[in-house]
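Trainee: I should like to go through the reasoning behind the terms used for this structure. May we begin with a helix and then turn to the aromatic rings?

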Amino acid sequence: NIWPWLLTAGCYAQTRRYFGLQYCPMCLAQDSQPYFRRRWRLAFVAVCDQHETALLDACPHCDSPVLPHRTAPRKILYCAHCGGLLIRSGRFEFGDAASQLRVRKFQDRLLFNMDNGKGNIGDRTIGSTEYFSLLRKLASLIVFPYVERRLRKHFLLPARQEGVREKHRQLELSRRLYRANILEILSCWLSEWPESFLSGCHAAG
């Protein structure tokens, strides 16, 4: 089953088929006892709010899904597939600085709405269940390539990064870079309600 906004691991025979566990290498490196944060499983979380760096969803050496349950308790910082260290140094980013900042601000807004149990659509305040249901429906439209292209052009966003493709049309099954692209468009679509929403609908056809 796919739960809205929760990344899917797709486990089969103790092996993950999807990249459902994200992490911040810098957080894990600084932990006295490393652990994976619950919010890293959320599909709308793409940036570490502490280190301002993009989250990873795979081993930086072999690009295999992260499988901490298949490593010894004291070795969760190592890839279960190749044995490489997950806490590779350096900052990780997607797109340009403006894109990452846009995604980070939108992510902060969604986390705030989730924690407070409500969200604002223009001047109207609605419950978080209704709010995230609406966002999920809009995101399900953006995954169609022609809709994504038209909205990206309409909101004057840079072209999608080279090589960022996704065969799934479910946000919860998608890799981190693709999800960041969808979140960026979604943030623009809702930025100036209702004008931005109506103009986006017209542009998407």
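Mentor: Certainly; please bear in mind that the model is predicted. In helix α2, the buried residues are Ser99, Gln100, Val103, Arg104, Phe106, Gln107, Leu110, Leu111 and Asn113. They pack against β3 (118-121), α3 (128-142) and α5 (176-189).

Trainee: How do you know that the length of α2 agrees with its 20 residues?

Mentor: At 1.5 Å a residue, residues 97-116 should span 28 Å; the end C-alpha atoms lie 29 Å apart, and therefore the two values agree. After α2 comes Gly117, with a positive phi near 75°.

Trainee: What makes Trp5 and Phe132 an aromatic pair, and why is it called edge-to-face?

Mentor: The ring centres are 6.2 Å apart, and the limit for a pair is 6.5 Å. The planes meet at 75°; because an angle over 60 degrees counts as edge-to-face, the term applies. This pair joins Trp5, in the segment before β1 (11-12), to Phe132 in helix α3, 127 residues apart.

Trainee: Why are Trp5 and Phe132 called buried?

Mentor: Buried means under 20% relative accessible area. Trp5 has 5% and therefore counts as buried; Phe132, at 10%, also counts as buried. Ring pairs link both of them with Phe44 and Tyr131 into a cluster.

Trainee: What makes Arg37 a charge over the ring of Tyr35?

Mentor: The charged end of Arg37 sits over that ring, 4.0 Å from its centre, where the distance limit is 6 Å. Likewise, Arg175 lies over the face of Phe19, at 3.6 Å from the ring centre.

Note on methods. Residues are numbered from 1 along each chain as its sequence is written. This is a predicted model: local features need pLDDT of at least 70, side-chain atom pairs count only at pLDDT 80 or more; totals for chains, interfaces and linings use all residues. Side-chain values use heavy atoms; hydrogens and water are left out. Helices (H or I, at least four residues) and strands (E, at least two) are DSSP runs, numbered from the N terminus. The expected span of a helix is 1.5 Å times one less than its number of residues. Buried means under 20% relative accessible area, exposed over 50%, partly exposed in between (1.4 Å probe, protein chains only). Contact means heavy atoms within 4.5 Å. Rings of Phe, Tyr and Trp (its six-membered ring) pair if their centres lie within 6.5 Å; planes under 30 degrees apart count as stacked, over 60 as edge-to-face and the rest as tilted. A charge sits over a ring if NZ of Lys or CZ of Arg is within 6 Å of the ring centre and within 35 degrees of the ring normal.
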